[in-house]
2 protein chains.
Amino acid sequence: MKYEAEGQTSSDPGQEQAAGKVVEHVRRLIESGQLRQGDRLPPERDLAVEIGVSRPSLRSGLRTLAAMGAVVSRQGAGTFVSAGPPRLEQGPLRFLAALHGFTRDDMFEARRVLEVGSAGLAAERASSDQLAVMAEEVTGMFAAIGEPQEFLRHDIQFHRAVAAGSGNPVLATLIDTLAELVYERRRMTVERAHDLKQSADMHRRIYQAIKARDPERARREMSEHLALARQAQASEEEAEKPAERGVPS
Amino acid sequence: MKYEAEGQTSSDPGQEQAAGKVVEHVRRLIESGQLRQGDRLPPERDLAVEIGVSRPSLRSGLRTLAAMGAVVSRQGAGTFVSAGPPRLEQGPLRFLAALHGFTRDDMFEARRVLEVGSAGLAAERASSDQLAVMAEEVTGMFAAIGEPQEFLRHDIQFHRAVAAGSGNPVLATLIDTLAELVYERRRMTVERAHDLKQSADMHRRIYQAIKARDPERARREMSEHLALARQAQASEEEAEKPAERGVPS
DNA sequence: GGGCCATGGTGGTAAGACCAATCCTCTTGA
DNA sequence: TCAAGAGGATTGGTCTTACCACCATGGCCC
């Protein structure tokens, strides 16, 4: 059977973009619960006929979904609904930054707004388990005063724990996305940091405020911490200007 | 200035996916300033040979860029770098919501954190022009007490003006994205709102606090406003239990 | 001179084929 | 009997070719 003849394939204005149909289809599958985290989608060839588009169009739609972080494809294995903690792609933000001239300070400040808010909420709602995680990370920071990279790991985890303590996954996801962009730079400058002890202290105070169920103090401590952290990073970047090379991709 | 001459096309698993090369290429063009807002990209056929991939692969990459909001394609016209105000696609957030069960309340609360922060910053930095826009929108709200949809328009514009007044484009972009998701529902319930006068008053108080350069008061007023707004919307949704599902497009 | 339409360029879709990575099963050897 | 390896089958990744739908421009007709 060859549909090669004209008439069928063409003159089909009612149909939206073929790729759009794919996104819609998968979105429905996910929202209706037929697809959950980590589930595997049908093979492309099958899914294409199921939706009624060609394979290239299907792939185009999957590409869009992948760019949104909704699915991930592994050659030879299949296409899977994204699993793991919720996370926004940072590509879009990066492009916006390049196109509209967002500065690192803008990012940092936005992150600060979010984290200050999350600290306040965490002081109101954090579970004892979540408090325990925060305490652990603070301890880890004190233990890693001499190892900047290790210190940074605990630093990141602490902020993540606070975000989780806010009980708001949207907030936590946004914070994670922004923080990632900030830490990307931080990893290269942290080696020159000389005030890790002070930084650990500040984290401890944040933790104590949250544990004391004092939202206002938690907000203030977090705000001060991030204000100083930004200053510190700025001065560290200033310290060594023209390194930059050797960072492909 | 090409460092990437080492691995050739064959036997080079290190080479990114063809589509990835496209994204990289365009990213470089944008970040280096060779492409700016609204610029048109070369035709697909040309760009494909320029980058060294087939046209389907190129289209795959452009699809990714489009999903990130970096470019938009118009059939028959060409592919253009996104212009207009910075804006994040909300598709990713929607998927995260569906996958991880983000509630509307979560979104609203995250938005509240951002808007409270932006109100505080606006009180510190908003220019007189930006203040004038806020005042105009408040006036518009009072004038549209009897027309819910028109009222909502000014409501949205007011919050946008405050976000702009914060002087932080990242913050403004995030607020816009979240607010859009919230307003989507709001448009269907605002008809049943009965306290538009009160809402306009609250916006006026926010404006006055910002104009008075009183960050703390601005934050408090914004916080109260959004807390009440959430309650109001919840009760309006409760008033008419719709079919929930079935969000087209 | 103004409005209409033909034409070329551009993105959108489709089909078929082949490659590469992965997974699974079956064989083979200890 | 069981484990390790080899093979095939499955699946995503890419390329080639072809055609269609839409848009913009400019020439043509009225």
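1. In this predicted model, H3(A) gives three residues to the surface near DNA strand C, the largest share of that surface. Helix H1 (18-31) of chain A also gives two or more residues, as do helix H3 (55-67) and strand S2 (78-81) of chain B.

2. In total, 24 residues surround DNA strand C. The closest are Gln17(A), Ser54(A), Ser57(A) and Gly76(A), together with Gly76(B). By class, the residues of this surface are twelve polar, nine nonpolar and three charged.

3. On the relation between the protein chains: chain B superposes on chain A with an RMSD of 0.1 Å after a rotation of 180 degrees, with 0.0 Å of shift along the axis. The two copies are therefore related as by a two-fold rotation axis.

4. The contact between the chains involves 39 residues of chain B and 39 residues of chain A. On the side of chain B that touches chain A, at least two residues each come from helix H1 (18-31), H3, helix H4 (91-100), helix H5 (104-125) and helix H8 (169-189). That side of chain B has 23 nonpolar residues, ten polar and six charged. Of the interface residues of chain B, 97% are also interface residues in chain A, so the copies meet through the same surface.

5. Helix H8 of chain A, residues 169-189, deserves a separate remark. Its 21 residues reach 30 Å from the first C-alpha to the last, close to the 30 Å expected at 1.5 Å a residue. H8(A) nevertheless bends by about 30 degrees, at Tyr183(A).

Methods
Residues numbered from 1 in each chain as written. Chains lettered and ligands numbered in written order. Predicted model: local features only at pLDDT ≥ 70, side-chain atom pairs only at ≥ 80, totals over all residues. Near = placed C-beta within 6 Å. Helix = DSSP H or I, 4+ residues; strand = E, 2+ residues; numbered from the N terminus. Nonpolar A, V, L, I, M, F, W, Y, C, P; charged D, E, K, R; others polar. Least-squares fit on C-alpha atoms with pLDDT ≥ 70 in both. Contact = placed C-beta atoms within 7 Å. Expected span 1.5 Å × (residues − 1). Bend = angle between axes of the 7 residues up to and from the residue.
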